[in-house]
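This briefing introduces a protein structure to a reader who has not met it before. Please keep the sequence and the model at hand while reading.

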Amino acid sequence: MKIGLTKGRVEEQVLQILEQAGYNIKPLLDKKRKLTVEVDSNQYIFAKANDIITYIEHGIIDVGFVGKDVMIEQSFKDYYELMDLGVGKCYFALCSFANYDTKKFTSNARKIASKYPNVTRMYFSSRNEDVEIIKLEGSVELAPVLGIAEAIVDIVETGSTLKAHNLHVIEKIQDISVRMIANKVSFRFIHNEITKLVNDIKKNSKEN
Amino acid sequence: MNNIYTLPIGATDILDDENKIKLQIIKQIQKVFDAYNYKSIVPSMFDYLELYTQSNIGIDEKQIISFQGDEGKLIALRADFTLPIARIVATKYKTVPSRISYVGETYQKTNNMLGRRSETTVAGAELIGIENVLAEEEILSIVSTALKKLNIKKPKIVIGSSKFLKRFLQLLEMSKEEERQFLDIMSYKKTSELEKFVDNKFAKLSNEQKSYIKILPWQFGDINELIEKFAWKDETISKELDRLNKLQKYAHMKGFEEMLEFDLSIVPRLNYYTGIVFKGYCQGVGDDIFSGGRYDKLLEQFGLDCPAIGFSFNVTNLIKLMGE
């Protein structure tokens, strides 16, 4: 089975879960610069979340562990979302300075900066509000501070980065956590292996 | 960048080696269509965009390639064959039953560079005008014969039912928002959410019924097991499950039962399906190699009220398989 893990924090959290579920993760911790490691009968692949989803789309990998934030933003959604691992919990929120609602604007559509333009568009569309979206790659908190946007739609975890810039959560949009997704074809052909992985993780999390 | 040397995003040339494989695949499929007496037609490459966007069919309008024609109306590049064929049978052939087959290209936009093509070759058949299970049997017979001819190892035909799902939703009596959530959980097989959803929203159901819903996305294979475990009494559903059972028996008699897998949690993507829906998979391709279903209410929109069932092979995906 080919298993994709999002590099970074998700990787750390998922490896811990796999270890608790009885999987041998030592070779995965010792991988150094390698991006793919074989352990027992599985091949583990480490990549960015967006790419894990692309690999799932093309059937290159069978299951993947990715954050719900990337899943919502990406257009490809033709996979099974088998589990919510309950880790990596955070949420999408509209954030700005405390005076957001009452501030007078000079242009008719508010400028909203975000690393997630699709999520931003969907949120404002659901409120029937016309906005101008500015896509940024990261450190989105800078946008209202530097004045390129009035507000941002970003992921909030502890809120400390927001606080450091005098920004507040204006409205929570959606909860995020790490999910396990599976390619639909893989699900049909290696159903037993995938189910075992799901059950191993579930069983262990119940015990915790 | 000089535009005469490269292609636009999503566009590809098919060179002779790939084309050889493509033509071979089409030849084999066409042989089967001919053997079953399906008329081979080529619907127009262009149709008014309205054909695809009318009556909430479920095709994403944003994916269709269209342009403004001379009359000022929007014209679409063929995005699907079933709709143009429904138009043709209702307005030109006007008789039922009609057996129509086709081979050709469909077009869709690819707004990003994620390896998706804007042109897909498909080969399919529509059996129009037969209401009973003989139609399902004939279509699946064509599918299994073509799969054998193409030498596809261990293909799977995953079968669901739009009729079952629609009626099941009615039995569960949920609000629009709950229904939306339920269908989302089913299509994505979101087991984590399903447990909570069932315990919260279906407290009034029996334990047997709650268990059934919880295992539904993971319960697939033999239709008889699904029939046994169904914990409600309903005539519409009984009839539909009986039809699927007949289909399994037919497949057994014809020797392709092994390919079938029934999954009643399948949520059809297109709104025009009214009964059986199915998709084909094989190892080596990350996507389906064929898909189809029954659409009894579609031709009515073109003035000919009659049942219909059809499917098409995704030849582009089959080439990926054979190309190895």
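The notes below treat two sheets, a pocket, a cavity and a helix in turn.

This is a predicted model, in which local features need pLDDT of at least 70, side-chain atom pairs count only at pLDDT 80 or more, and totals for chains, interfaces and linings use all residues. Residues are numbered from 1 along each chain as its sequence is written, chains are lettered from A and ligands numbered from 1 in the order in which they are written, and side-chain values use heavy atoms, with hydrogens and water left out. Helices (H or I, at least four residues) and strands (E, at least two) are DSSP runs, numbered from the N terminus.

**The six-stranded sheet of chain A**

- An open sheet of 6 strands in chain A follows the order β2-β3-β1-β4-β11-β5, with mixed pairing; two strands pair if DSSP finds at least two bridges between them.
- Its edge strands, each pairing on one side only, are β2 (36-39) and β5 (80-84) of chain A.
- On average, neighbouring strands of this sheet are turned by 25 degrees against each other, direction ignored; axes are lines fitted to C-alpha atoms, for helices over the stretch in contact, and angles run from 0 to 180 degrees between N-to-C directions.
- Within chain A, β1 (residues 2-6) and β4 (residues 63-67) run parallel and are joined by 3 bridges, with A:G4 opposite A:G64 in β4(A).
- α1(A) lies across β1, β3 (42-47), β4 and β11 (178-182) of chain A, at about 130 degrees to β1(A).
- α3(A) also packs on the sheet, touching β1, β3, β4 and β11 of chain A (contact means heavy atoms within 4.5 Å), and makes about 150 degrees with the direction of β4(A).

**The five-stranded sheet of chain A**

- Another open sheet in chain A has 5 strands in the order β8-β7-β9-β6-β10, again with mixed pairing.
- At its edges are β8 (131-135) and β10 (168-176) of chain A, each of which pairs on one side only.
- Strand β7 (residues 110-114) of chain A pairs with β8(A) in the parallel sense over 5 bridges, and A:A113 stands opposite A:I134 in β8(A).
- α5(A) lies across β6 (90-96), β7, β8, β9 and β10 of chain A and runs at about 165 degrees to β8(A).

**The second largest pocket**

- On a 1 Å grid over the protein atoms alone, a cavity is a set of points where a 1.4 Å probe fits but cannot get out, and a pocket is an open set with protein on both sides within 12 Å along at least five of seven lines; lining residues have an atom within 4 Å of a point.
- The second largest pocket has a volume of about 1200 Å³.
- It has 41 lining residues, of which A:D69, A:V70, A:K115, A:Y116 and A:I155 are the closest to its centre.
- Elements of chain A that each supply at least two lining residues include α1 (9-20), α3 (49-57) and α5 (117-126).

**The cavity and helix α11 of chain B**

- The structure holds 1 cavity of 30 Å³ or more.
- The largest cavity is lined by B:I14, B:R117, B:E119, B:T121, B:T316 and B:I319.
- Two or more of the lining residues come from each of β6 (119-128) and α11 (315-322) of chain B.
- α11(B) is mostly covered, with 6 of its 8 residues buried, that is, under 20% relative accessible area (1.4 Å probe, protein chains only), where exposed is over 50% and partly exposed lies in between.
- The cover over these buried residues includes α1 (16-35), β6 and β11 (308-314) of chain B.

Key: Points joined across faces, edges and corners; volume = space filled by probe spheres on them.
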